[in-house]
Amino acid sequence: MCNLKQEIATYNRRLSELLAQQGKFVLIKGDDVSGTFDSYQDALTAGYQRFKLDSFLVKQITAVERVAYISRDLNLPNG
């Protein structure tokens with residue numbers, strides 16, 4: 001199982017400087033910001049090239065996080 005706590009902490013810690021490139025996608029491995037990219041696909045490709053199957057984070061740089069609410073209580077009919 002991947003544990004991305006360190007990468008998320010790095011993103012949050014470096015966010016103030018990353019905001020200069022708001023809208024781009026950042027590639028993070030551990031405590032290292034490995035680059036910013038114009039597209040998610042470019043960042044993901046670079047991540048796989050550099051880190052193979054090790055975990056890494058690709059995240060869009062944004063000042064405000066969009067929160068998604070997902071419910072598991074669907075009340076589906078039986079059958």
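Which residue of β2 does I28 stand opposite? The residue is V33. The model in which this pair is found is a predicted one, and the paragraphs below go from the chain as a whole to its strands, its second helix and its charged pairs.

The protein chain has two helices and three strands. Read from the N terminus, these elements follow the order α-β-β-α-β. The chain has 79 residues, and 30% of them are buried. Its accessible surface is about 6100 Å², with 52% of that area belonging to carbon and sulfur atoms. Among the contacts whose separation is 6 or more, 47% are between residues 24 or more positions apart.

The strands come next. β1 and β2 run antiparallel and are joined by five bridges. I28 and V33 stand opposite each other in this pairing. The two strands form a hairpin with two residues between them, and in this hairpin G30 has a positive phi near 65 degrees. β1 is also joined to β3, here by four bridges, and this pair too runs antiparallel. On that side, L27 stands opposite V58 of β3. β1 therefore has bridges both to β2 and to β3. In a regular strand, side chains alternate between the two faces of the sheet. How many of the five residues of β1 are buried? Four are, so β1 is largely enclosed by the rest of the structure.

Helix α2 covers residues 40-51. Its twelve residues, at 1.5 Å a residue, should span 16 Å, and the C-alpha atoms at its ends are indeed 16 Å apart, so the expected and computed lengths agree. Which residues of α2 are buried? They are A43, L44, A46, G47 and F51. These residues cover an arc of only 160 degrees around the axis, which means that they are on the same side of α2. An α-helix has 3.6 residues a turn, so residues three or four places apart point the same way. The cover over the buried residues of α2 includes β1 (25-29), β2 (32-37) and β3 (57-60).

Just after α2 comes K52, with a positive phi of about 55 degrees. K52 is a residue other than glycine, and its phi is positive all the same. Its place is in the loop between α2 and β3. Is K52 buried or exposed? At 54% relative accessibility, K52 counts as exposed, because the cut-off for that class is over 50%.

The last topic is charge. Side chains of opposite charge can pair when their charged atoms come close. How many salt bridges does the model have? The count comes to four, and three of these are described here, beginning with the pair R13 and D31.

The closest N and O atoms of R13 and D31 are 3.3 Å apart. R13 belongs to helix α1 (residues 5-18), while D31 is in the loop between β1 and β2, so their salt bridge ties together parts that are 18 residues apart in sequence. R13 has 51% relative accessibility and therefore counts as exposed.

K24 and D38 form another salt bridge through their side chains, at 3.4 Å from N to O. K24 is in the loop between α1 and β1, and D38 is in the loop between β2 and α2, so this pair ties together parts that are 14 residues apart in sequence. K24 counts as partly exposed, with 30% relative accessibility, whereas D38 counts as exposed at 59%.

A further salt bridge is found between the side chains of E65 and K59, with 2.9 Å from N to O. E65 is partly exposed, its relative accessible area being 43%. K59 falls within β3 (57-60), the strand that is joined to β1 by four bridges.

Key
Residues are numbered from 1 along each chain as its sequence is written. This is a predicted model: local features need pLDDT of at least 70, side-chain atom pairs count only at pLDDT 80 or more; totals for chains, interfaces and linings use all residues. Side-chain values use heavy atoms; hydrogens and water are left out. The expected span of a helix is 1.5 Å times one less than its number of residues. Buried means under 20% relative accessible area, exposed over 50%, partly exposed in between (1.4 Å probe, protein chains only). The arc is that of the directions from the helix axis to the C-beta atoms. Contact means heavy atoms within 4.5 Å. Accessible areas come from the Shrake-Rupley method with a 1.4 Å probe; for residues, only the protein chains shown count as cover. Two strands pair if DSSP finds at least two bridges between them.
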